[in-house]
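The following account leads through one protein chain, beginning with a single side chain and widening to the whole fold. The reader is invited to keep the structure in view throughout.

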Amino acid sequence: MIYQGKGIRVEKLPSGIARLVFDLTGSTVNKFDQATLSELRAAIKAVGSTDVTGLIFSSAKAGFIVGADIMEFTALFKAPTATLIEWLRDVNQIFNSIEDLPFPTVCAINGVALGGGFELAVSADYRVASQSAMLGFPEVKLGICPGFGGTVRLPRLIGADNANLWISSGNQMNASQALAEGAIDAIVDEDQLTAAAERMIAQCNAGKLDYQRVRRQKTSPLMLNGTELMVAFETAKALVSAKAGPHYPAPVAAVKAMQEAATTDRAGALEIEHRTFAALAMTPVAANLVQLFLNEQFLNGRARKMQAQARPIKTAAVLGAGIMGGGIAYQSALKGIPIVMKDIAQEGLDLGIREATKQLG
């Protein structure tokens, strides 16, 4: 064993390649909290001083990494701007050190790799994913932008146009789309992820894959001339601004950050991302969207606990029909639970039946 922590372990495979496994103790998912980031720093330092011929990132959970632990990092959003930027610089040294390791790296993605989880993936040289993988940067939906190098590495991997869409929309992309656009390099069955990653590293070491070229591409300015840059980003800003509206600044700010960083190297581009992230994190929009997210997480957790204690429901009833009553009736019927609607007027019952029928149709 090369390294053992509470959320990360690193082992040397018979092939001479190291495998770093995310497996957060006491959690059903992997996420980047402060402790895991600290362990990742220590693990990368440990494996970098060994004689391994490559490194594979993988997960022992049903998914890869769901992102940063937003509940833990909300306090940072209230810190002075300089403090937040300094923290971002410090954390990004971890991801830079992955990108600069003296041997090839491959990320084996099973299930979701979102936010910081996908930022880890794009800091590796190559990515292989299962068919069920879902990838993306949902940060704009919390009023912020990627902060672990996402706005820097993604456009250099998949091009400005695709990166503008991925990051400004906050949407999750499936494995097939990610492969077509260059965000991942292969799709295999989940039980073949490690073997496929080992083959990629072997090809790198045999000179069949040029992982150093990939690193140069990710750490250099975008390979577009002035006109191409202007068309890509000015068009994107106009489209994103029209869709997001005036009350959601994060999508446009993320595109502007990528545009400003397009002509700089990794170090300069990361500084631009840090400033953008810090400015967005201080806004009331981010505070409110984060609070909505935390509220939803709290309610989902309570619902799961209550569901475990619930008795089986055999029949149901809704008092008051109409459109809302019909919608409730539809949901119940869809789950196979017979339901009766009751209303003081036949018109309400008729409307409820029409609504339920429409939804079922």
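In this predicted model, Asn92 is placed in helix α3, which comprises residues 81–99. Asn92 has a relative accessible area of 1% and is therefore buried. A polar atom of the Asn92 side chain lies 2.9 Å from the backbone oxygen of Leu88. When residues up to four places away in sequence are not counted, Asn92 touches Gly147, Phe148, Gly149, Leu270 and His274.

Phe148, one of the residues that Asn92 touches, also belongs to an aromatic cluster, whose other members are Phe22, Phe32, Phe64, Phe73, Trp87 and Phe95. The count of aromatic pairs comes to nine. In one of them, the ring centres of Phe22 and Phe32 are 6.0 Å apart and the ring planes stand at 80 degrees; the pair is therefore edge-to-face, since planes over 60 degrees apart count as such. Because Phe22 lies in strand β3 (residues 18–22) and Phe32 in the loop between β3 and α1 (34–48), this pair ties together parts that are ten residues apart in sequence. Phe22 counts as buried, at 2% relative accessibility, and Phe32 is buried with a relative accessible area of 0%.

Phe22 also pairs with Phe64: their ring centres are 5.9 Å apart and their planes lie at 75 degrees, so this pair is edge-to-face. Here the partner of the β3 residue Phe22 lies in the loop between β4 (55–59) and α2, so the parts tied together are 42 residues apart in sequence. At 1% relative accessibility, Phe64 counts as buried.

A further buried polar residue is found in helix α5, residues 150–158, where Thr151 lies. The relative accessible area of Thr151 is 3%, below the 20% limit, and this residue is therefore buried. The side chains of Thr151 and Glu273 are joined by a polar contact of 2.6 Å. Apart from neighbours within four places in sequence, the residues in contact with Thr151 are Pro146, Arg156, Ile167, Met258 and Glu273.

Ile167, one of the contacts of Thr151, leads to helix α6. This helix spans residues 160–169 and is mostly covered, with seven of its ten residues buried. Ile167 is itself among the buried residues, together with Ala160, Ala163, Asn164, Trp166, Ser168 and Ser169. Just after α6, Gly170 adopts a positive phi of about 70 degrees.

Helix α13 runs from residue 284 to residue 309 and has 26 residues. From its first C-alpha to its last, α13 reaches 38 Å, close to the 38 Å expected at 1.5 Å a residue. Its buried residues are Ala286, Leu289, Val290, Leu294 and Gly301. The elements that cover these residues include α2 (70–77) and α12 (266–281).

Further along the chain, strands β11 (residues 316–319) and β12 (residues 339–342) pair in the parallel sense over four bridges. Within this pairing, Leu319 stands opposite Lys342 of β12. Between the two strands the chain passes through helix α14 (residues 322–334), and the resulting β-α-β crossover is right-handed.

How far is Ala317 from Leu209, 108 residues apart along the chain? Their C-alpha atoms are separated by 63 Å. Leu209 lies in the loop between α8 (193–205) and α9 (211–219). Its relative accessibility is 26%, a value between the limits of 20% and 50%, so Leu209 counts as partly exposed. Leaving aside neighbours within four places in sequence, Leu209 is in contact with Tyr126, Met200, Gln203 and Cys204.

The view may now be widened to the whole chain. There are 15 helices and twelve strands, and the C-alpha atoms fill a box of roughly 75 × 50 × 40 Å along the principal axes. Of the 361 residues in the chain, 50% are buried. Among contacts between residues at least 6 apart in sequence, 70% join residues at least 24 apart.

Key: Residues are numbered from 1 along each chain as its sequence is written. Side-chain values use heavy atoms; hydrogens and water are left out. Two strands pair if DSSP finds at least two bridges between them. A crossover is right-handed if, with the strands pointing away from the viewer, the path from the first strand over the helix to the second runs clockwise. The expected span of a helix is 1.5 Å times one less than its number of residues. Buried means under 20% relative accessible area, exposed over 50%, partly exposed in between (1.4 Å probe, protein chains only). Contact means heavy atoms within 4.5 Å. A polar contact is a pair of N or O atoms within 3.5 Å; within protein, one must be able to donate a hydrogen and the other to accept it, and residues adjacent in sequence count only if both atoms are side-chain atoms. Rings of Phe, Tyr and Trp (its six-membered ring) pair if their centres lie within 6.5 Å; planes under 30 degrees apart count as stacked, over 60 as edge-to-face and the rest as tilted.
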